[in-house]
Amino acid sequence: MKTFRAYLQDASGALTWAAWIEAANGDEALRRALVLSPGQDPTVELWSATERKLDASATLDPV
């Protein structure tokens with residue numbers, strides 16, 4: 001499993017929704033993100049454990 005960060009941003013670039021997603025690959029992570037944010041177009045990025053620990057948004061609850 002790999003860790004992905006999925007998020008939505010408003011027009012100003014502020015995060016309006018975000019989640020950590022554990023998935024085997026990017027396609028699976030995107031499918032899960034779409035279920036969690038119906039009708040939206042989330043961005044999904046692969047994140048390493050180190051990046052997750054260093055990022056301020058790492059306090060998000062895993063899904």
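**Sheet.** I looked up the sheet first in this predicted model, and found three strands forming an open sheet in the order β2-β1-β3 with antiparallel pairing, where two strands pair if DSSP finds at least two bridges between them. I took helices (H or I, at least four residues) and strands (E, at least two) as DSSP runs, numbered from the N terminus. The edge strands are β2 (15-23) and β3 (43-47), each of which pairs on one side only. From one strand to the next the twist averages 25°, with axes being lines fitted to C-alpha atoms, for helices over the stretch in contact, and angles running from 0 to 180 degrees between N-to-C directions.

**Conventions.** I number residues from 1 along each chain as its sequence is written, and my side-chain values use heavy atoms, with hydrogens and water left out. Because the model is predicted, local features need pLDDT of at least 70 and side-chain atom pairs count only at pLDDT 80 or more, while totals for chains, interfaces and linings use all residues.

**Pairing of β1.** I then followed β1 to each of its partners. With β2 it pairs in the antiparallel sense over eight bridges, and there Leu8 stands opposite Trp17 in β2. β1 and β2 form a hairpin with five residues between them, and Gly13 in the turn has a positive phi of about 95°. Toward β3, strand β1 (residues 2-9) is joined by five bridges, again antiparallel; on this side Phe4 has Leu46 as its bridge partner, and Arg5 stands opposite Glu45.

**Burial of β1.** I noted that β1 is largely enclosed by the rest of the structure, because six of its eight residues are buried; buried means under 20% relative accessible area, exposed over 50%, and partly exposed in between (1.4 Å probe, protein chains only).

**Helix over the sheet.** Helix α1 (residues 26-36) lies across β1, β2 and β3, and I read its direction as about 135° to β2.

**Salt bridges.** I searched the whole structure and found two salt bridges, counting a side-chain nitrogen of Lys or Arg within 4 Å of a carboxyl oxygen of Asp or Glu. One is formed by Glu45 with Arg5, whose closest N and O atoms are 3.5 Å apart. Since Glu45 lies in strand β3 and Arg5 in strand β1, this pair ties together parts that are 40 residues apart in sequence. I recorded Arg5 as buried, with a relative accessible area of 11%, whereas Glu45 at 28% relative accessibility counts as partly exposed.

Glu28 forms a salt bridge with Arg32, and here the closest N and O atoms are 2.4 Å apart. These two residues are four apart in helix α1, and so are separated by about one helical turn. Glu28 counts as buried at 17% relative accessibility, while Arg32 counts as partly exposed at 35%.

**Whole chain.** I closed with the totals: the protein chain has two helices and three strands, running β-β-α-β-α from the N terminus on, and 29% of its 63 residues count as buried. Among contacts (heavy atoms within 4.5 Å) between residues at least 6 apart in sequence, 44% join residues at least 24 apart. The chain exposes about 4100 Å², of which carbon and sulfur atoms supply 53%; accessible areas come from the Shrake-Rupley method with a 1.4 Å probe, and for residues only the protein chains shown count as cover.
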